Structures are given as C-alpha cells and as structure tokens.
Amino acid sequence: MRSVRSRLFGMLVIFIILPYFLSVFIIYDNTRSSVEEHEIEKSREELEEGSRALQRYFDEMIELSYSLYNDPDVLSVFENGLNDEQRKPFERSMKIFSISRPEIRQMRIYFEKDSSTLSVYQSKFSAPKKQEDYVNQAPFRTLYKSDDNFFIERPHVIENANNAAILPESDRTRVLTIHHKVTNVLSGEFLGFISMDIDVTAYSSLILNLSDGGESRLTLLDGEDRIMYSSQRANDGEPEGDKLVLEEKLKGNLDGWRLVKVIDRDVLFRDVNQAATTNILLGIGVVLLGIIMVVVISHIITKPIENLSEKVRSIGGENMDVDFTTSRKDELGHLEDHMDEMMDRINQHIDREYKLEIESRKNQFRALRSQVNPHFLFNALQTIGAVALRSGAKDVYKLITSLSKMMRYSLHADQWVTVQEELDYIETYLSLQRERFGEGVQADIQVDEEVRAASIPSMLLQPLVENYFKHSYEEGYDEATLSIMGEMVGGSILFTVQNTGASITEEDLGRIRSAVYGGPSGQDGGIGLKNIYDRLRLNFKENASFQLDTLEGKGFRIIMKLPFMKDKQEGGNSDESTDRR
C-alpha cells in the first residue's frame, strides 16, 4: 500500500515539477525559434538595404571615371599626350575632381600616346614617368585584352607605384583600387588607364552598420570569392561553432558579388540561455521547498491517518463496536466523529436489513403463487371461443381467436421473425381495432414480396401501428390514414410508417429526437420509439438508421433502414448482417 508521503511526492512531481520544467523547455524552444526567425527576417532586410547601398556607391565610383575622361581637357591629354600647353588645364580638372571626392586617396594615370604615367595624391601631381611595358603588367594586361572597361582589385595597403615623392611612407591606408580602361568612344582606340585608390572606410561604413555592434561578421566577396572587406578577422585556429549564415547577391556592375553575414548562435541566444538558466535555478529552488513541505506535512498528517487506518482495518466480522472517539478538532477529528456516527448507523442498518430480507422472501413467495400459466389462458380463451361459437356469436369467436393469436405472438418478443409474420400480427391487431372503431379505419400496407421473406426482430413495426391509434383515433382524428411501406434499397430494407392524423411542433419533435437518440429509456418521447431505436442499435449497430419527421406539420413519419437478413436465428450474431439470397 502506498503511503501518504509517497503520494505527496508523486503529486509534487506530476503537478508541479514536471509541468514547470516542461513549460521552461517549451518556452525556451519557442523563444529560440522566435529569436532566430526575427533575426533572419531583420538581417535579410538589412542585407538587402546594404547591398543596394553598396551597388549605388560602386556604380557611382565606376561612372565617376567616365565623367573624368569625358572632360575635354582630360580627353585631349589622352589623345595628344601630356605637353606643356595642355598640362595646366589637365591639372586643374584633376584637382577639382580630387577635391570633390576625398575618399580617393590616389590616382594613377597611364597615357598610351607617350607611354607615360603620373600619380595624383591629395591634389599633388608627380612628374610624368616613362613606362613602356605598363600594359603588360598585372592587372592591366588582362583588362587590356578583356571586353570589360574596368577591373576592381582587392583591398591592399596604398602603393607608391611611380616612386613619387608626393606619397609619404607613413601613409598605410588600406585602399580598394578600381582600374578603368580609357578608349575613344567613336573609334574604339585604346588611350590609357585610370586607376583610383579608394579608401576602404568609404564603403566599409555601409557594411559596419549591419554588424550589430560587432557581434556578427560582415564580409563582402567578389565574383571570385575574394574578400573585398570583412568586419572581423576570422581566426583559423578557432572552431567555427554553430553559426547562422545569411547572404545577399549584388547586381549591376557588381554582378556575382555577395554580401555575407555570419551570426554566432551562442551570441544570438545569449539572453535566452541566461533566462533559461535563471528559470532552471528557480525550479530547483521550488523543488527543494516542495520536498521540505512534503516531509513536514506528511509527518504532521501521516501518524493520525495511520491510527485511523488501523481502527478501520479492525472492523470486520463480529467486531463492529470500534471506538472512534477523539479529542482532535481538525479535519481528522471530524472524520473520526463521522466514522463513529457511521458505525452506529451501520449497526442499525444491519438490523433493518435482516427484517427486510425476511419480508422480501415472503413477497417473492406471494409473487410465485400469483403467476398464471399462459397455456391455461390459451385454453381458457379456446373454451370461451367454443361457447361463443355454440351460441352463434361468430364475431365474438373471431375476436377471441385474434386475441389468442396476438398473445401467442407476443410471447415471442425479442426473437427473430419474418416480415410476413410481423405483418400478419399487425393485420390481426388492425382487425381488432376495426371492431372497436369501425370499418372507417384506413390502413394501407404495401411491402414487396422480397422484403416479406426477410428476418427482423419481433414487435418492430407493431408499436408504430399502436401509436397511430393512440395519437390519432383516440385523440379524435377519425379521418387519419396509416401507411406501411417496405422496399429493397441496395442491400437494405427501407420501412416507412406514416400517418396523416395528429402532428407535433418542431420543438416537440426536437425533444422526442433527443429522448430517442440520447436519453434513457422511458424519457419523454415514448417508450415505444426509444425501445425500437435501442433494439435496432443492439441488433444492427451502425448498419441501421431511425429517422423521425412531421410531414411538414401534416402528420408523423418514421423511416427505418436495416440490413436485409434471411433465415436469421434467435441469438445470432448481428455482425453477420449480410445478404444471403
């Protein structure tokens, strides 16, 4: 037998500990999913906006070089070479350009006309320098042979390509270089190159805005997966761990480039994990307090309950005088007082039951003596019928014979009969009612011959005929008609029993349906209808149906559908309801 203490521990586990930790786990899991979905949605929107900003910036920087060599002073130098006459207008245009875009740290220009280069650093110009093989240097060789008009070199420390004095050695700025190929728009003649060193911070600020305060890593990759910028330096020696990786592809001049955001899930779920840890610690505290409570309560309550249990177990046999008196004033004290009162009532009931048992046996004996043998009744009816026949009362003889048949048939209740036998019984019943109400009783029976051979439970249709007389003729509806129809529908029998006499309201119909379909036997709605429905369910289960309606307020109709069965024997299995033709 389980003790109170073990039950209290079980209740503590089932109703407090398990639900609490289960709720913590469910909340933790749902919160993680919600945080991750929100972060993915937010990051995708930020990546889309960031990629559009990068595309606009790089498109602007690429288009900027076109506006530069479309300047007549600049284009003239590319076409005719750098001479003293054209140098000042050229330098003036370049200074204006350099001042307008401070993120351009350095520009290197190559003139194919005289195979010379010069550098521009913060509006300062280096001396021109001859470089015959400039076109064959990387990356100009590839750009020269390519159909593309520009090439973007990955970020690097700014270089003094011409060894010019204008670029101080202390400048270690990281730059991204855009190389432009200059050609004559009309003739397509190659004129030279313009290389612009752009400060990485000019476009990195667009990316840093997406890094969530440095807790995620943003990386810009070109079409060859070269890193063009990264907000953090990846440590090759450290494991990557569980990461959430999102990327957005760039379009236009940066087609093939990708902006990638890497989020550490440990950082993403840091607050969620801290909340879960706090809840678990609180849960452990609740468990400890619960254990202490169970120990204290069980100690206070268990001992009195054990004493009471010993007294209860001592009751039995002839030991019915157990003393439950107590001085306690709590619930257990009230329980013992009630137990004491209950024992007194039990002893009184025992005395009373002895007397009732003796009286019950006497009543059973009287009931047995009052029973009459049905065969005696049949013999008595036959004797009365013979006397009526000798007296010339043939009508009385017919009525007595009909009554005898009905009584003999009624002894077969709850047995299986053929539809024909049920109809014969109904005809006999109708003949008696015609003697009572006259030949004005209108009853029409139309049952197919095939249906008449089927087996059904006895007294299935007769109560419906009896209801016709009870609720029509006896209520004064002399012109009411009764119709019984039976036909085969598929493999089932469809019985329709209806009368055109008394009808009922929809509210009464609903109450009858509730009583028949769901109420206990004998509830409002008639014992007969409920009895028929219960017998259909008992014998045919879900294979039978029973429907009621009021013919739109013009009478009452019952529709029964049940499986066709033939040669059904009493006590057969209703699950074997198959067509045996």
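Eight bridges join strand β15 (residues 481-489) to strand β16 (residues 492-499), and the two run antiparallel. Strands here, like helices, are DSSP runs numbered from the N terminus (E for strands, at least two residues; H or I for helices, at least four), and two strands pair if DSSP finds at least two bridges between them. Within this pairing, S483 stands opposite Q498 in β16. A hairpin is formed by β15 and β16, with two residues between them. In the turn, G490 has a positive phi of about 65 degrees. β15 also pairs with strand β13 (residues 442-447), this time in the parallel sense, over six bridges. On that side, V447 of β13 has G486 in β15 as its bridge partner. As a general reminder, side chains in a regular strand alternate between the two faces of the sheet.

The model is predicted, and local features need pLDDT of at least 70, side-chain atom pairs count only at pLDDT 80 or more, and totals for chains, interfaces and linings use all residues. Residues are numbered from 1 along each chain as its sequence is written, and side-chain values use heavy atoms, with hydrogens and water left out.

Stepping back to the whole protein, the secondary structure comes to 15 helices and 18 strands. Of the 581 residues, 38% count as buried, where buried means under 20% relative accessible area, exposed means over 50%, and partly exposed lies in between (1.4 Å probe, protein chains only). The accessible surface comes to about 34,000 Å², and 52% of it belongs to carbon and sulfur atoms. Such areas come from the Shrake-Rupley method with a 1.4 Å probe; for residues, only the protein chains shown count as cover. Contacts, meaning heavy atoms within 4.5 Å, can link distant parts of the sequence: among those between residues at least 6 apart, 63% join residues at least 24 apart.

What lies inside? The largest nonpolar core has 46 residues, and those with the most contacts inside it are F90, Y203 and L220. Helix α1 (residues 4-69) gives the most to this core, with 10 residues. A nonpolar core is a set of buried Ala, Val, Leu, Ile, Met, Phe, Trp, Tyr and Cys residues joined through side-chain atoms within 4.5 Å. The neighbours of F90 include D73, V74, V77 and L82, along with I109, F111, L118 and F125, when residues up to four places away in sequence are not counted. Apart from the largest core lies another, of 43 residues, with V419, L423, Y429 and V497 among them.

L254 offers a closer look at a single position, in the loop between β10 (243-249) and β11 (258-264). L254 counts as buried because its relative accessible area is 0%. Leaving out residues up to four places away in sequence, L254 touches L54, Q55, F58 and I152. The C-alpha atoms of L254 and G223 are separated by 8.1 Å, although the two residues are 31 apart along the chain.

Nonpolar residues also appear on the outside. M11, V13, I14, F15, I16, L18 and V286 form a nonpolar patch on the surface, with about 650 Å² of accessible area together. Patches are made of residues with over 30% relative accessible area and no salt bridge; like charges are joined within 9 Å, and nonpolar side chains (Val, Leu, Ile, Met, Phe, Trp, Tyr) within 5 Å. Helix α1 gives the most to the patch, with six residues. One residue of this helix is I16, which counts as partly exposed because its relative accessibility is 37%.

Side chains of opposite charge can pair when their charged atoms come close. A search of the whole structure finds 20 salt bridges, each a side-chain nitrogen of Lys or Arg within 4 Å of a carboxyl oxygen of Asp or Glu. One of them joins R101 and E103 (2.6 Å, N to O), and both of these residues are buried. Another links K530 and D534, whose closest N and O atoms are 3.4 Å apart. Both K530 and D534 lie in helix α15 (residues 527-540), four residues apart, about one turn of the helix. K530 is buried, at 8% relative accessibility, whereas D534 is partly exposed, at 29%. The side chains of R537 and E542 also meet in a salt bridge (3.0 Å, N to O). Here R537 is partly exposed, at 31%, and E542 is exposed, at 62%. Elsewhere, salt bridges that share partners join E39, K42, E46 and K261 into one network.
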